[in-house]
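This report introduces a protein model to a reader who has not met it before. It moves from the chain as a whole to selected contacts between side chains and between helices.

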Amino acid sequence: MRLREIRRSVGDLERDAFAKKLGMSANSLARYERGEREPSASVVAAYGSNFGVNVSWLLTGEGEIFSEPLKPQSGSIIRKIDQALFKQVGRLVIKVHRDEGVKLPADALLDQQSSAYNALIERADNPSDTEELLSLIPWLEARLRKSLKATTVAPGIGKNQA
């Protein structure tokens, strides 16, 4: 359970993104977090080096969770939002919803936009590379369409058709 607590403490990253930072598969991370497998010494060390986790706390539960006050790590530097890209993602979200005949209130649309932007950033190998992010826009559009189609097939999960 301490492994899951760490992921929550560093911003509750999606399991795939968090596992990538640790150099393992999401399935392996899931087994560790559920207590189905004991992490190896190299996995424990990765928590320490990548996230500043106090290894003693990780192993025993005693002491502070982090060795030092939590600071952004090199792989998770807090970035300013690229406004042009954010607008482009917002326009894409609106277009896909319109094309699929789904109408959302403004707040829900903003939630969709921010979620889509975060998914785009997480998908990129280098989130600072605007060219790479732009090349992922077709992937994002396909992902949004697939999600909306699944929603209309299984109604009742919060999205209303126009």
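In this predicted model, residues 24 or more positions apart account for 53% of the contacts in the protein chain that have a separation of 6 or more. The chain contains nine helices and two strands, and along the sequence these elements follow the pattern α-α-α-α-α-α-β-α-α-α-β. Of the 162 residues in the protein chain, 33% are buried.

## Salt bridges

Side chains of opposite charge can pair when their charged atoms come close. The count of salt bridges in this model comes to nine. The table presents some of them.

| Salt bridge | Closest N to O distance |
|---|---|
| Asp99 and Lys95 | 2.9 Å |
| Lys149 and Glu100 | 3.5 Å |
| Arg145 and Glu141 | 2.9 Å |

The salt bridge of Asp99 with Lys95 lies within helix α6, which spans residues 83-99. Because the two residues are four positions apart in that helix, about one helical turn separates them. Asp99 is partly exposed, with a relative accessible area of 43%, and Lys95 also counts as partly exposed, at 38%.

The side chains of Lys149 and Glu100 form a salt bridge as well, with 3.5 Å from N to O. Lys149 belongs to helix α9 (residues 137-153), whereas Glu100 is in the loop between α6 and β1 (102-103), so this pair ties together parts that are 49 residues apart in sequence. What is the burial state of each partner, buried or partly exposed? Lys149 is partly exposed, with a relative accessibility of 44%, while Glu100 is buried, with a relative accessible area of 19%.

Arg145 and Glu141 form a salt bridge with their closest N and O atoms 2.9 Å apart. Both residues are in helix α9, and because they are four residues apart there, about one helical turn lies between them. Arg145 counts as buried at 18% relative accessibility, and Glu141 is partly exposed at 23%. Through salt bridges that share partners, Lys95, Asp99, Glu100, Glu141, Arg145 and Lys149 are joined into one network.

## A buried histidine in helix α6

Helix α6 also holds His97. This histidine is buried, with a relative accessible area of 2%. Which residues does His97 contact, leaving aside its neighbours within four places in sequence? Its contacts are with Val102, Leu104, Gln112 and Leu148.

## The crossing of helices α2 and α3

Helix α2 covers residues 15-22 and helix α3 covers residues 26-34. Their axes come within 8 Å and cross at roughly 95 degrees. Angles of 65 to 115 degrees count as roughly perpendicular, and α2 and α3 are therefore roughly perpendicular to each other. On the side of α2, the contact is made by Arg15, Asp16, Phe18, Ala19 and Leu22. On the side of α3, the residues are Ala26, Leu29, Ala30 and Glu33. By type, the residues of the contact of α2 with α3 comprise six nonpolar, three charged and no polar ones.

## Aromatic pairs

A pair of aromatic rings is described by the distance of the centres and the angle of the planes. The whole structure has three aromatic pairs. One of these is formed by Phe18 and Tyr47, with 5.9 Å from centre to centre and 55 degrees between the planes, and it is tilted. The pair connects distant parts of the chain, since Phe18 is in helix α2 and Tyr47 is in helix α4 (residues 41-51), 29 residues apart. Both Phe18 and Tyr47 are buried.

Phe86 and Tyr117 form a pair whose ring centres are 5.2 Å apart and whose planes meet at 75 degrees, so this pair is edge-to-face. This pair, too, links distant parts of the chain: Phe86 is in helix α6 and Tyr117 in helix α7 (residues 106-123), 31 residues apart. Phe86 counts as partly exposed at 23% relative accessibility, whereas Tyr117 is buried, with a relative accessible area of 7%.

Which residues do ring pairs link into a cluster? The cluster consists of Phe18, Tyr47 and Phe51. Phe18 is thus a member of this ring cluster and is also listed among the residues of α2 that make the contact with α3.

Terms used: Residues are numbered from 1 along each chain as its sequence is written. This is a predicted model: local features need pLDDT of at least 70, side-chain atom pairs count only at pLDDT 80 or more; totals for chains, interfaces and linings use all residues. Side-chain values use heavy atoms; hydrogens and water are left out. A salt bridge is a side-chain nitrogen of Lys or Arg within 4 Å of a carboxyl oxygen of Asp or Glu. Buried means under 20% relative accessible area, exposed over 50%, partly exposed in between (1.4 Å probe, protein chains only). Contact means heavy atoms within 4.5 Å. Axes are lines fitted to C-alpha atoms, for helices over the stretch in contact, and angles run from 0 to 180 degrees between N-to-C directions. Angles under 35 degrees count as roughly parallel, over 145 as roughly antiparallel, 65 to 115 as roughly perpendicular and the rest as oblique. Ala, Val, Leu, Ile, Met, Phe, Trp, Tyr, Cys and Pro count as nonpolar, Asp, Glu, Lys and Arg as charged, and the others, Gly among them, as polar. Rings of Phe, Tyr and Trp (its six-membered ring) pair if their centres lie within 6.5 Å; planes under 30 degrees apart count as stacked, over 60 as edge-to-face and the rest as tilted.
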